[in-house]
Amino acid sequence: MNLGRITTAVLIASTLSACGGSNDSNNNSTPAKPSSTKVNVFSSVANCAVKGDVPNCHFENGIYVLNIGKNATSVQQKRVIAQVNNMMKWAHDDVRKQFANKRIVIGLMEASDVGERPTPAGEFAMKLNEQKQKGLTIDGIELVYIKNEDGTDESTRLTTYQKLLQVYDYYVDANNNSTAGTELTAAYQQFKRALKSAKVAADANKLEYLTFNECNYGNQQLGADRALGTPSPCTVIDEDKGKPTSMVDGEDISNGKPDMTHRVKLNLNPGALLGSLYEYKLDPSKNEVPFSNSGFVDQGVVASGQPDGLTDPKKVMNSWATPAIKPLNDYLNKWFFANK
């Protein structure tokens with residue numbers, strides 16, 4: 001008797017009935033439109049290199065992959081451009097049209113460039129970000145670190161895909177009620193409901209289950225409807241008093257930690273989580289795990305509900321295989337892998 005597979009079958013039946021769907025079908029999907037829209041991708045911008053230039057910089061619609069940091073190389077830039085082109089090639093044409101009408105910057109630099117003492121490159125990036133917040137010059141900016149705090153080069157990983165999904169959620173769609181944007185919001189809400197259904201199924205079988213803490217990317221926008229595993233209020237431990245506090249450096253984090261870069265009035269979790277799932281679907285060996293609970297297993301066939309690929313079949317509900325991921329997986333398949 002294979003206990004792992006019998007237990008999993010029970011979990012699938014209960015969880016998917018609660019979610020209102022079958023795991024091997026996507027009843028809400030529609031045929032992808034032919035991808036005819038061209039998204040311009042640029043590797044430079046004229047007369048725009050230092051902080052003082054920014055107010056007069058002219059960006060066309062499209063995606064700019066810029067070597068902002070002095071140590072960024074053409075090889076690293078080409079790797080990022082390849083990922084940008086891949087995502088645009090694979091995306092639904094409606095998504096491509098949205099990107100084609102925005103001015104997006106992906107900047108390559110070292111993390112230290114925007115540290116406590118910003119370099120000229122860091123000051124340039126921050127000035128661009130200020131212009132974005134004012135609705136001037138560009139519509140969105142993200143940074144890919146060629147040398148992160150831990151020394152890793154994000155251009156060798158899948159980080160660009162992650163950042164593009166965040167850019168899409170925060171700036172390209174920005175809750176403007178496009179069909180793709182509306183369905184993103186719906187998929188994230190379905191995911192939060194599915195987490196609770198998965199917990200019920202897991203509890204019945206004395207198994208672990210997935211939780212998701214929205215505080216990290218809540219951006220002061222969380223309400224009462226919080227994902228399973230998200231405390232209310234959000235707190236951290238005060239290092240001096242040793243007690244929980246919702247005030248950090250004068251900022252209220254009770255409704256999610258504020259993001260100093262993305263000063264938009266949005267919960268940033270949907271874009272960040274979708275980006276991590278996108279990475280895993282492309283290459284599980286290069287993804288970043290978005291779930292903070294230590295028991296999460298970075299393995300499994302996405303949303304399958306089956307223990308395939310798991311070293312411990314009993315971890316199925318706390319891995320990528322959990323059916324709770326299905327709404328997000330369906331969304332990516334429909335809108336961002338429509339032509340892959």
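The following exercises, each with a worked solution, concern a predicted model of a protein.

**Exercise 1. Overall composition**

Task: State how many helices and strands the protein contains, what share of its residues is buried, and what its exposed surface is.

Solution. Begin with the secondary structure: the protein has 8 helices and 8 strands. Next, consider burial. Of the 340 residues in the protein, 49% are buried. The exposed surface of the protein comes to about 15900 Å², and 48% of that area is supplied by carbon and sulfur atoms. Finally, turn to sequence separation. When contacts between residues at least 6 apart in sequence are considered, 67% of them join residues at least 24 apart.

**Exercise 2. Helix H7 and its surroundings**

Task: Determine how the span of H7 compares with the expected value, and explain why H7 can be described as largely enclosed.

Solution. First, take the geometry. H7 covers residues 269-282, which is 14 residues, and extends 20 Å from its first C-alpha to its last. This span is close to the 20 Å expected at 1.5 Å a residue.

Second, apply the burial criterion, under 20% relative accessible area. Within H7, the buried residues are Asn269, Pro270, Gly271, Ala272, Leu273, Leu274, Gly275, Ser276, Leu277, Tyr278, Glu279 and Tyr280. Because 12 of the 14 residues of H7 are buried, the helix is largely enclosed by the rest of the structure.

Third, identify the cover. The elements over the buried residues of H7 include helix H2 (74-90), helix H5 (159-173), helix H6 (179-204) and helix H8 (326-335).

Fourth, examine one of these covering helices. H2 has 17 residues and a span of 24 Å between its first and last C-alpha, close to the 24 Å expected at 1.5 Å a residue. Its buried residues include Val80, Ile81, Val84, Met87, Met88 and Trp90.

**Exercise 3. The disulfides**

Task: Find how many disulfides are present, give their connectivity, and assign the handedness of each from its S-S torsion.

Solution. Start from the distance criterion, sulfur atoms within 2.5 Å. The count is 2 disulfides, and their pattern is 1-2, 3-4 when bonded cysteines are counted along the chain.

Consider Cys48 and Cys57. Their sulfur atoms are 1.9 Å apart. The torsion about the S-S bond is about 95°, so this disulfide is right-handed. Cys48 is buried at 8% relative accessible area, and Cys57 is buried at 9%.

Now consider Cys215 and Cys234, whose sulfur atoms are 2.0 Å apart. Here the S-S torsion is about -85°, so the disulfide is left-handed. Both Cys215 and Cys234 lie in the loop between H6 and strand S5 (236-237), so the pair ties together parts that are 19 residues apart in sequence. The relative accessible area is 5% for Cys215, which is buried, and 1% for Cys234, which is also buried.

**Exercise 4. The largest pocket**

Task: Give the volume of the largest pocket and name the residues closest to its centre.

Solution. The volume of the largest pocket is about 1100 Å³. Its lining consists of 39 residues, of which Glu142, Tyr145, Lys163, Tyr217 and Asp259 are the closest to the centre. The elements that contribute two or more residues to this lining are helix H4 (120-133), strand S4 (140-147), H5 and H7.

**Exercise 5. Ile253 and its contacts**

Task: Locate Ile253, decide whether it is buried or exposed, and list its contacts beyond four places in sequence.

Solution. Ile253 is in the loop between strand S8 (251-252) and H7. With a relative accessible area of 4%, Ile253 is buried. Apart from neighbours within four places in sequence, Ile253 is in contact with Cys234, Thr235, Val236, Thr245, Ser246, Val248 and Pro258. For Val236, which is 17 residues from Ile253 along the chain, the C-alpha separation is 8.7 Å.

**Exercise 6. Backbone features in loops**

Task: Which residues are joined by a cis peptide bond, and where are Asn47 and Ala303 found?

Solution. The cis peptide bond joins Ser232 and Pro233, with omega about 5°. Pro233 lies in the loop between H6 and S5.

Turn then to positive phi values outside glycine. Asn47 has a phi of about 55°; Asn47 sits in the loop between strand S1 (41-42) and strand S2 (62-67) and is exposed at 73% relative accessible area. Ala303 has a positive phi near 60°. Ala303 is in the loop between H7 and H8 and is buried, with a relative accessible area of 2%.

Notes
Residues numbered from 1 in each chain as written. Predicted model: local features only at pLDDT ≥ 70, side-chain atom pairs only at ≥ 80, totals over all residues. Heavy atoms only, no water. Helix = DSSP H or I, 4+ residues; strand = E, 2+ residues; numbered from the N terminus. Expected span 1.5 Å × (residues − 1). Buried < 20%, exposed > 50% of the residue type's maximum accessible area, 1.4 Å probe, protein only. Contact = heavy atoms within 4.5 Å. Areas by Shrake-Rupley, 256 points an atom, 1.4 Å probe, with all protein chains shown as cover. 1 Å grid on protein atoms, 1.4 Å probe; cavity = no way out; pocket = protein on both sides within 12 Å on 5 of 7 lines; lining within 4 Å. Points joined across faces, edges and corners; volume = space filled by probe spheres on them.
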